[in-house]
Amino acid sequence: MVQENCEESMGLLLLKKGQKGILHAVFSRLGLFLILLVIQIFVLLGIFRWFAGILPYTLGGTALFVVCMVIYLLNSRMDPCVKITWLIIVMLVPVFGALLFWFMQSDIGHRALKQRLNMLKIQTEEIIPQSEKTMKALARENPGVASLGHYIKRTGDYPVFDRTSVTYFSCGEDKWEEMLKQLKQAQHFIFLEYFIIDEGLMWGKVLEILAQKAMEGVDVRVMYDGTCEFSTLPHDYPKRLKALGIQCKMFAPVQPFISTHYNYRDHRKILVIDGHTAFSGGVNLADEYINHISKYGHWKDAAVMLKGEAVKSFTLMFLQMWNIDEKMPEFERYLDYSGSVSGQISGYVIPYGDSPLDDDKVGERVYMDILNRAKKYVHIMSPYLILDGEMEAALKFAAERGIDVKLILPGIPDKIAPYALAKTHYASLMDSGVKIYEYIPGFVHAKVFVSDDTEAVVGTINLDYRSLYHHFECATYMYQVECICEIEADFQNTLEKCRTVTARTIRREKWTLKLMGKVLKAIAPLM
């Protein structure tokens, strides 16, 4: 039986006090899994030690082994920063490092997933046709943006749309309020795909509406990342939702086996209502995102609501992930739903996804394209700053050619390691003219690029290796859309609450933080 606890002030809650959190996880099914994982790690370490003992006799010594690995890594096609990390690991611990490298590269945990997603991608190719009229109009207005649209369409079925209205939310509270209004109007289907769901006021009010809509016959589906099992939701939570008539799945749930299965996470935040309304951005479904509780000071976030044809792309993204384990996937039925937008709607919208299982670093390349085409400014908000060489070079080059490049980062970090790593980039970026600011009231979780009052991106994609290489992500690119001026105004308002990073503030940082950043930089691509 699903135990329900319905509190008028908090909405619908399915967990009793003490049924979530780290302590509960340790003494649950997850705790047993963690014990099994630790045992496997010790067994593997024993095998590595045994292999290291016979290595001098089988390969003629560790030196020859290291040389072979170095030659292989230098000639591989991976990112140069990633190469450096693996070179360091292999040279420090040759056997363990080499076996770890081959284990990660073999990607055993995701082979089936990769094959299935590729199959679904082929199946849905051109399922959302690109309007030639729209593309030609964009090419006349801005050939550079049209080329970017062509690239994004190539990486997945993500066309360029016009006649799509976009509403920008400068905080999680505003997005949540509008979400509740739109959810109450749902008639056909509601799709939610979120990285984090945690019981409390925000999710409780949403779940209350979802349960009611499911009773009315609306097709309600919820998908969240399996890491929620570590701290926010128990393993049986999908069953609890099913008892309410809500279909629910976990992406890559925790399993008692060592696997690359855990490396790639579903970091997307998508809500689609009846095919005509979609929400996306940085806001998850937990109370800190609406500042109902305070974890790291004030939580600054951003999101967008789309209405119109472009919503189809978010519908497709959700269905591709949902249908990974479905024998008879359905797409056309839900993509037939769409909403027309009345009145004059200006600009172009491209919702897009990014997958870690292909060779297209879509998120990073869209950001770099904006930096390379900018004429006046590029203003950025990101919670993390862990850059590869290409991204750092793009930021520096934009500033060096006279573009006003400004970065707003957290003043209060949520994790100390990424915070220390971010600071290792400060001096190099500032030497090229990039201006860096830290948000004094708390934590910036917004993922925003805005440039020249004409184009912007709002989505889930951070400026770090996790987002750019290892996560499933999504975002909305906008060109000449009315709300872009609101995005820039929000950036300027946030800037007023920031401290400026200078050479002096860098010198005055704690030496322990500086040391941590420099040490961790060697393994930054693996974090």
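The exercises below, each followed by a worked solution, concern a predicted model of a single chain.

**Exercise 1. The chain as a whole**

Task: State how many helices and strands the chain has, and describe its burial, its contacts and its exposed area.

Solution: Begin with the secondary structure, which comes to 22 helices and 20 strands. Turn next to burial, where the chain has 527 residues and buried residues make up 58% of them. For the contacts, take those with a separation of 6 or more; residues 24 or more positions apart account for 81% of these. Finally, consider the surface, of which the chain exposes about 23,200 Å², with carbon and sulfur atoms supplying 59% of that area.

**Exercise 2. The two sides of strand 17**

Task: Determine which residues of strand 17 point one way and which the other, and identify the strands with which strand 17 pairs.

Solution: Strand 17 covers residues 448–451, with Val448 and Val450 pointing one way while Phe449 and Ser451 point the other way, and all of them are buried. Now look for the partners of the strand. Strand 13, residues 377–381, pairs with strand 17 in the antiparallel sense over four bridges, and within this pairing His379 has Val450 as its bridge partner. Strand 18, residues 455–459, also runs antiparallel to strand 17 and is joined to it by four bridges. Two positions illustrate this second pairing: Val448 has Val458 as its bridge partner, and Ser451 stands opposite Glu455. The last step is the connection, since strands 17 and 18 form a hairpin with three residues between them, and Asp452 in the turn has a positive phi of about 55 degrees.

**Exercise 3. The enclosure of strand 18**

Task: Explain why strand 18 is described as largely enclosed by the rest of the structure, and find where Val457 has its opposite residue.

Solution: Take the residues by direction first: Glu455, Val457 and Gly459 point one way from strand 18, Ala456 and Val458 point the other way, and all are buried. Because five of the five residues are buried, a label that requires under 20% relative accessible area, strand 18 is largely enclosed by the rest of the structure. Strand 18 is also joined by five bridges to strand 19, residues 471–479, and these two strands run antiparallel. In that pairing, Val457 stands opposite Tyr477 of strand 19.

**Exercise 4. The faces of helix 22**

Task: Work out why the buried residues of helix 22 are said to line one face, and state what lies on the face turned away from them.

Solution: List the buried residues of helix 22 (residues 511–520), which are Leu513, Gly517 and Leu520. Seen down the helix axis, these residues fall within an arc of 75 degrees, and therefore they line one face of helix 22. The general background is that an α-helix has 3.6 residues a turn, so residues three or four places apart point the same way. The buried residues of helix 22 pack against helix 17 (416–423), whereas the face turned away from the buried side carries the exposed residues Trp511, Lys518 and Val519.

**Exercise 5. A surface patch and a single serine**

Task: Name the residues of the nonpolar surface patch, and decide whether Ser147 counts as buried, partly exposed or exposed.

Solution: The patch, of about 440 Å², is made by Ile84, Ile88, Leu92, Val93 and Phe96. Helix 4 (residues 80–92) contributes the largest share, three residues, and Ile84 is found in that helix. For the serine, locate Ser147 in helix 8, residues 143–155. Its relative accessibility is 48%, so Ser147 counts as partly exposed. As a distance check, the C-alpha atoms of Ser147 and Met135 are separated by 9.8 Å, the two residues being 12 residues apart along the chain.

Notes
Residues are numbered from 1 along each chain as its sequence is written. This is a predicted model: local features need pLDDT of at least 70, side-chain atom pairs count only at pLDDT 80 or more; totals for chains, interfaces and linings use all residues. Side-chain values use heavy atoms; hydrogens and water are left out. Patches are made of residues with over 30% relative accessible area and no salt bridge: like charges are joined within 9 Å, nonpolar side chains (Val, Leu, Ile, Met, Phe, Trp, Tyr) within 5 Å. Accessible areas come from the Shrake-Rupley method with a 1.4 Å probe; for residues, only the protein chains shown count as cover. A salt bridge is a side-chain nitrogen of Lys or Arg within 4 Å of a carboxyl oxygen of Asp or Glu. Buried means under 20% relative accessible area, exposed over 50%, partly exposed in between (1.4 Å probe, protein chains only). The arc is that of the directions from the helix axis to the C-beta atoms. Contact means heavy atoms within 4.5 Å. Two strands pair if DSSP finds at least two bridges between them.
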